[in-house]
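Welcome, and thank you for taking a look at this model with us. Here is a short tour, best read with the structure open beside the text.

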Amino acid sequence: MSLRARLAITFVLVALVPLGTAALILGHAVPGADQDRRKARAEGGIRAAALALRDICQETTLLSAQVTGRAGVQGGAVAAAADAVKSSRLPVTVQIGGVGGAAPTVVGAASPVADLGTVQDCNDATDLRAVVARQPALPDGSVVTVAVPFDAALLAQLKASAGLDVTLVGADGSVLSTLTGGNRSRAATEIDAGKGAHRSGGLVVDAQALPGGAHLVVSTGAGSSSALLGALFVLVLVSAGVAAVLGTQLARLVTKPLADLSAAAGRISAGDLDTRIAADGKDEVATLGAAFNDMTSELRSHISALEGSRDELRRNLTRLGETLSSTHDLDRILSVIVETAAASVRADAALLMLVSAGRGDLYAAVGRNLAGRVDDPATGEGARPLRLPAGEGVLGHVFATGEAVRGRTDEPGHPQTVLPSPKEPRAQTLIAVPLRASGKVIGVLGLYDREDGKDFDETDLGTIHTFAAQAGVAIDNVLLHQEAQRLSITDGLTGLWNYRYLTMALAREVERAVRFQRPLAVLMLDLDRFKNINDRYGHQRGDAVLVEVATRVKGEIREVDVLARYGGEELVCVLPETDAGGAVVIAERIAEAVREAHFEGSMVHEEPLSVTVSIGVAVYPEHGASGAALLRAADEALYEAKRAGRDAVRVARPERLDPDARRRHTGDAPQRIDLPPARPPASGERFRAAD
């Protein structure tokens, strides 16, 4: 059953149930009320008729007294009787005489009342056929009788007084006179002196006892309750029909907006977001329609925003993919990751921190819109680049636990409140996720404050989680690439630069020295009698000594200087902006650092070793104008140090500079020509005889 049918039935029942209940109550109460009303009317009518009859009796008595009073005058009785008949409002008959069998004198009636002489006085009559009043006998013995017969005229007066039909019934039950015509015999058979009122065939009869046992009867016609009940039944039927029509219309009016809403919802689900509902008026239905239209508008705007976000995310991912596939530049990749992540969740600021390889803490790698949120390392007094140890602040907590964090920083006691470190960017709401690669955390990405002022939600956190997984792999790939590059130019044993990097760095420094006319020094170091260490203590001990020597040498040079393993136990230092005097000072300092402390043994029964180095020094432009020339000059100087007894420093001879190089240095030649780098000798090959 449809909602409209249910509403229609409900509305009809709401209207008919009270109406039917009222009809049942009225149907039960109306007949009794009608009976009571007619009974009360009959009782009132009979009393009125009795009073009228009593008044007639009194009037006849008064008339008889008047006639008797004038009887002493000759002919006065007859004249008085005529005056009485003339002045009375009643059909009065006056009879005088009738003593001793003489015929009485009758005045006022066409025919005398039959057997009037036997009719008793109206106050004590036993056979009431007329209202009679008699006075005591006149002097001549005659009697004055005034009578009003119970005829139609008298009953008309009684009916007018009672307002009902009037019937005179004798003591024996015979109807003496009536105005009810055909109901005469019926009324006679229904009279019972011992009972007051009767109902028969819709006729109510009430009896009023009169002197002599007669009854004055008034009757009401059939009651009006049947007609009233019929009218009530018709009213109920008409009301039911009207209620059905109105209920149907009302149900239609109520359900029509719902049907419109259902149809509109169907169109919206099909993709028609331009659907609108007429919302005229100020009632609840109009309010519902307006709310539906607002919902549609909001849905359309949200879908547009989602489509825009989807397109933006697609563009960001495309840009990220292109960047990852086209470059191994870590700084560029980190910048793209930060920008893409911030755009994906509409963050106002972002910070990406990476794990330091040697220290095990976090350092700020790249940021976005951090001005005013953190101290500026470039301008802040005493400010330092941001570093966070594991467990400190929000980002340190994410690094230590490997779990993402989302929450607010300005609501203490809130379940999602987080407490950042004073070093971290200041924000009201943030997201921090770990960047993982090869099962470990390699960095942390923090996003701060949405551009629209809202809090970051679970959707934003899920988006950044997915993005961070890809970003971690990308960063790891770049780091692996950088590590591979580093290994390709780094000596695996000592961690120093290898010969390949040395040639590139030396060529770069020579080019810069030529361009800016600045000095450049090259030191070539060789461990004295290193072969004996390998032969006596084994190559493992020799490798340990070589690593320790490299560490001591690195401690004596600058960060801008280049220290590389040339081959075997030979090391080369490239010293930019250093002349011959400065190079000799550094060389002697290196030799002192190597010899000043013994090299401890790493195995049982191994005594400490005393190790020395020989160093050859060559300087641009005095000893060569190219990298290869400087290496050859330093190598020759090293050979001189070996021949001088080892643990010595020697400077190359100036005459090693060839004429072409001198012209290039002084500007006589149009361009510089470098010789190809020499092949490094194997370990111990060059000085085997000397050792």
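Let us begin with a hairpin: strands β14 and β15 form one with two residues between them. Ser 438, in the turn, has a positive phi of about 55°. Please keep in mind throughout that this is a predicted model.

Strand β15 (residues 440-450) is mostly covered, with 10 of its 11 residues buried. It pairs with β14 (residues 429-437) and also with β10 (residues 347-355), as the table shows alongside another antiparallel pair from elsewhere in the chain.

| Strand pair | Sense | Bridges | A facing pair |
|---|---|---|---|
| β14 and β15 | antiparallel | eight | Ala 432 and Gly 446 |
| β10 and β15 | antiparallel | seven | Leu 351 and Gly 446 |
| β16 and β18 | antiparallel | seven | Leu 520 and Pro 576 |

Gly 446 of β15 is thus the bridge partner of Ala 432 and of Leu 351.

Ala 432 also leads us to a loop residue. Where does Ala 404 lie? It is in the loop between α8 (393-401) and β13 (405-408). Beyond its neighbours within four places in sequence, Ala 404 is in contact with Ala 432, Val 433, Pro 434, Leu 461 and His 465. Ala 404 and Ile 464 are 60 residues apart along the chain, and their C-alpha atoms are separated by 9.8 Å. With a relative accessibility of 28%, Ala 404 counts as partly exposed.

**The five-stranded sheet**

Further along the chain, five strands make up an open sheet of mixed pairing, in the order β17-β18-β16-β19-β20. β17 (562-567) and β20 (649-651) are the edge strands; each has a single partner strand, so one side of each is left without a neighbour in the sheet. On average, neighbouring strands here are turned by 20° against each other, direction ignored. Helix α13 (residues 580-595) lies across β16, β18, β19 (613-620) and β20, and runs at about 165° to β19.

Another helix, α14 (residues 627-643), meets this sheet too: its buried residues pack against β16, β17, β18, β19 and β20, as well as α10 (499-516). Is α14 enclosed or open? Because 12 of its 17 residues are buried, α14 is largely enclosed by the rest of the structure. Among these buried residues are Leu 630, Leu 631 and Leu 638, along with Asp 635 and Lys 642. The length of α14 also agrees with expectation: at 1.5 Å a residue its 17 residues should span 24 Å, and its end C-alpha atoms are 24 Å apart. After α14 comes Gly 645, with a positive phi near 110°.

**Two nonpolar cores**

In soluble globular proteins, nonpolar side chains tend to be buried together. Which residues touch the most other members of the largest nonpolar core? In this set of 33 residues they are Val 67, Val 94, Val 131, Phe 150, Leu 158 and Leu 216. Elements that each supply at least two residues include α2 (76-87), β1 (93-97), β4 (143-149) and α3 (152-162). The largest share, nine residues, comes from α1.

Val 67 is a good residue to click on: leaving aside its neighbours within four places in sequence, it is in contact with Ala 77, Ala 80, Ala 81, Ala 84, Val 94, Ile 96 and Val 144. A second, separate core has 32 residues, including Leu 527, Ile 533, Val 549 and Ile 590.

Methods
Residues numbered from 1 in each chain as written. Predicted model: local features only at pLDDT ≥ 70, side-chain atom pairs only at ≥ 80, totals over all residues. Heavy atoms only, no water. Pairing = 2+ DSSP bridges. Helix = DSSP H or I, 4+ residues; strand = E, 2+ residues; numbered from the N terminus. Axes fitted to C-alpha atoms, helices over the stretch in contact; angles between N-to-C directions. Contact = heavy atoms within 4.5 Å. Core = buried A, V, L, I, M, F, W, Y, C linked by side-chain atoms within 4.5 Å. Buried < 20%, exposed > 50% of the residue type's maximum accessible area, 1.4 Å probe, protein only. Expected span 1.5 Å × (residues − 1).
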